[in-house]
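Biologist: Could you walk me through this one slowly? I'm new to reading structures.

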Amino acid sequence: MNKFRTYIGAIGAIALLSVGATLPASAEAGLTNQSQTMIGVSVRVLGNDPNHVHPEFSYQGHQSNQWYPKAQVIRANAWDAGRQGYDCYDAFQYTWIDHAKARQDTTFCFDAAGQEFEPEATRASARLK
């Protein structure tokens, strides 16, 4: 009979502990809960790892990730009103875009201080086959 009472007492204690563990902290202490909890979840797809570095490559004699002018750049202080710069010239490079080899074409100009810049909306990309 003592073993039966011990088992009943143990089951009762476990039941009380499990009820106490499932109650929120405010209910256990008899206090109101005014805290806010925010849980954030981050998901990363391994196939699109932004830190993945593609190897350098050469295409038609041009190294990747280097800009090459399509013609010789001549500084004549000629103003291009459409691009808002001086002595604009077209250039290209071979690079990786979305894990595929691609060619990018753009235009570079010089500002009044002689600094090279790329006007907005001049870059175009095409995948290589």
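Biologist: Let's start with a loop: between which strands does Gln 60 lie?
Modeller: Keep in mind that this is a predicted model. Find strand E1, residues 58–59, and carry on along the chain. Gln 60 lies in the loop that separates E1 from E2.

Biologist: Is Gln 60 buried or exposed?
Modeller: The cut-off for exposed is over 50% relative accessible area. Gln 60 has 60% relative accessibility, so Gln 60 counts as exposed.

Biologist: What is the phi of Gln 60 near?
Modeller: Most residues other than glycine have a negative phi. Gln 60 isn't a glycine, yet its phi is positive. The value for Gln 60 is near 50°.

Biologist: Let me zoom out. What pattern does the protein chain follow along the sequence?
Modeller: The chain has 2 helices and 8 strands. Reading along the sequence gives the order of those elements. The pattern is α-α-β-β-β-β-β-β-β-β.

Biologist: Which element has the lowest mean pLDDT?
Modeller: The chain as a whole averages a pLDDT of 81, and 63% of the residues score at least 70. Where pLDDT is low, the predicted coordinates should not be read in detail. Among the elements, E3 has the highest mean, 97, while the lowest, 53, belongs to helix H2.

Biologist: How many bridges pair E5 with E6?
Modeller: E5 also has other partners: 2 bridges join E3 to E5, and 2 bridges join E4 to E5. Each of those pairs runs antiparallel. E5 and E6 are antiparallel too, and their number of bridges is 10.

Biologist: In the hairpin of E5 and E6, which residue takes a positive phi?
Modeller: This hairpin has 2 residues between its strands. One residue in that loop is exposed, with a relative accessible area of 62%. Its phi is about 50° although it is not a glycine. The residue is Asp 98.

Biologist: And which residue in the turn of the E4 and E5 hairpin has a positive phi?
Modeller: Strand E4 covers residues 79–80, and Trp 79 has Tyr 86 as its bridge partner in E5. There are 4 residues between the two strands of this hairpin. The one with a positive phi, about 55°, is Gln 84.

Biologist: Which residue in E6 is the bridge partner of Asp 90?
Modeller: Look at a residue in strand E6 that counts as buried, at 5% relative accessibility. Its side chain makes a polar contact of 2.9 Å with the side chain of Asp 90. Its other contacts include Arg 83, Phe 117 and Pro 119. The bridge partner of Asp 90 is Thr 107.

Biologist: Which cysteine does the disulfide join to Cys 88?
Modeller: A disulfide is a covalent bond between the sulfur atoms of two cysteines. The structure holds 1 disulfide, with an S to S distance of 1.9 Å. Its two ends lie in strands E5 and E6, so it ties together parts that are 21 residues apart in sequence. The partner of Cys 88 is Cys 109.

Biologist: Why is that disulfide called right-handed?
Modeller: Handedness here comes from the torsion about the S-S bond of Cys 88 and Cys 109. The disulfide is right-handed because that torsion is about 110°.

Biologist: Is Cys 109 buried or exposed?
Modeller: Buried means under 20% relative accessible area. Cys 88, at 24%, is partly exposed. Cys 109 has 0% relative accessibility, so Cys 109 counts as buried.

Biologist: One more loop, please. What distance separates the C-alpha atoms of Gln 66 and Thr 95?
Modeller: Gln 66 lies in the loop between E2 and E3, and its side chain has a polar contact of 3.0 Å with that of Tyr 68. Further along the sequence, Gln 66 touches Phe 92 and Gln 93. Gln 66 and Thr 95 are 29 residues apart along the chain, but their C-alpha separation is 8.4 Å.

Biologist: Finally, what share of the residues is buried?
Modeller: The chain exposes about 10,300 Å², and carbon and sulfur atoms supply 55% of that area. Of the 129 residues in the chain, the buried share is 16%.

Note on methods: Residues are numbered from 1 along each chain as its sequence is written. This is a predicted model: local features need pLDDT of at least 70, side-chain atom pairs count only at pLDDT 80 or more; totals for chains, interfaces and linings use all residues. Side-chain values use heavy atoms; hydrogens and water are left out. Contact means heavy atoms within 4.5 Å. A polar contact is a pair of N or O atoms within 3.5 Å; within protein, one must be able to donate a hydrogen and the other to accept it, and residues adjacent in sequence count only if both atoms are side-chain atoms. A disulfide is a pair of cysteine sulfur atoms within 2.5 Å. Buried means under 20% relative accessible area, exposed over 50%, partly exposed in between (1.4 Å probe, protein chains only). Accessible areas come from the Shrake-Rupley method with a 1.4 Å probe; for residues, only the protein chains shown count as cover. pLDDT is the predictor's confidence in each residue, from 0 to 100. Two strands pair if DSSP finds at least two bridges between them. Lists of a residue's contacts leave out its neighbours within four places in sequence.
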